[in-house]
Amino acid sequence: MQDNILVIGACGQLGTELVEALRNIYGDAHVIASDVRQSPDEVFKQGPFELLDIMDKQALETVLQKHKPTQVYHLAALLSATAEAKPKLGWSLNMDGLFHVLDAAVDFKIGKVYWPSSIAVFGPHTPMNHTPQNCVMDPNTIYGISKLAGERYCEYYFNKRGVDVRSLRYPGLIGYKSAPGGGTTDYAVSIYHDALTTGEHSCFLGPDTELPMLYMPDALKATLDIMHAPADQIKIRSSYNLAGMSFDPKAITASIQKFIPDFKTTYAPDHRQAIADSWPNSIDDSEARADWGWQPAYDLDAMTKDMLMNLAPRYGKSLSL
Ligand code: AKB
């Protein structure tokens, strides 16, 4: 049977790249992008697009009746910093959106559901280094609390309602094709743009704030790998720990300086520092590696080289990389 895939929240940082990757695999006509707003990005002109507010259950059902997807990727959410600024909206969008999708998966017999969790499920009493899959989890942000509750719901819907739902705890995602929005790890994207434009980055985290991060090609690979793995290999139905690399603002600055020696970072920590301080430094993803063969390809310097190589032409720069 030909798969039809619905991506909800398609115009965000991950969705924009995921729609492109899915269309390369399944064909443009079989990947339905949807979001609460239109995006000017070229990828959305190449196949079906539906305006969809995931808070509107009826509207979701109309889209499902029209396209009869066999798989749904539900990415719509408020990220950590935005959800702290708008806690009620963060909670209702992140939770109600997931309920609508999980209930629809039962009612419309959707074959597989993907839903992203985050390192934000961890909190101040979580072991900070090499954080294990199962440990104390006491998130203290609305985003983290909603992701932890969402994980429990996913596992419940797998066990009690038979929904084949799969999930990853993403670290900060870094890519050059699409912009992040409202996260605590966003500095690690804007620092590359600043390196190629002003040559200076003002960082909203302190120099030693180490966080887990993942380069977008690895994030796409992990997402597609977990969705393509046979169901019996997915042993964790809440959400898998996932790691690529870990670094602090000092280390990413040093990595950029290998290619742009005059680049400078200054530090002006703001409200996002407390969020970052409550998250792990590094993640133990051995269960993802053992269960479905996860293996990242990029380390910090390989990512820096690729980011700069791809972004430099956008700013009319040529670098010897
Ligand atoms: C954020 O910073 O909120 C996200 C995340 C780690 O989930 N990038």
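Which residues are linked with Arg-166 in a network of salt bridges? In this predicted model, the network joins Asp-164, Arg-166 and Arg-237. Side chains of opposite charge can pair when their charged atoms come close. Across the structure, the count comes to 14 salt bridges, and three further pairs are described below.

A salt bridge connects Lys-66 and Glu-50, with a separation of 2.6 Å between the closest N and O atoms. Lys-66 belongs to helix α2 (residues 57–67) and Glu-50 to strand β3 (residues 49–51), so this pair ties together parts that are 16 residues apart in sequence. The two partners also differ in their surroundings: Lys-66 counts as exposed because its relative accessibility is 56%, over the 50% limit, whereas Glu-50 is buried because its relative accessible area is 14%, under the limit of 20%.

Lys-221 is paired with Asp-225, and the closest N and O atoms of this salt bridge are 2.8 Å apart. Both residues are located in helix α7 (residues 216–228), where four residues, about one turn of the helix, separate them. Lys-221 is partly exposed, at 34% relative accessibility, and Asp-225 is likewise partly exposed, with a relative accessible area of 25%.

In the salt bridge between Lys-45 and Glu-42, the closest N and O atoms lie 3.0 Å apart. Lys-45 has a relative accessibility of 57% and therefore counts as exposed, while Glu-42, with a relative accessible area of 48%, is partly exposed.

Technical notes: Residues are numbered from 1 along each chain as its sequence is written. This is a predicted model: local features need pLDDT of at least 70, side-chain atom pairs count only at pLDDT 80 or more; totals for chains, interfaces and linings use all residues. Side-chain values use heavy atoms; hydrogens and water are left out. A salt bridge is a side-chain nitrogen of Lys or Arg within 4 Å of a carboxyl oxygen of Asp or Glu. Buried means under 20% relative accessible area, exposed over 50%, partly exposed in between (1.4 Å probe, protein chains only). Helices (H or I, at least four residues) and strands (E, at least two) are DSSP runs, numbered from the N terminus.
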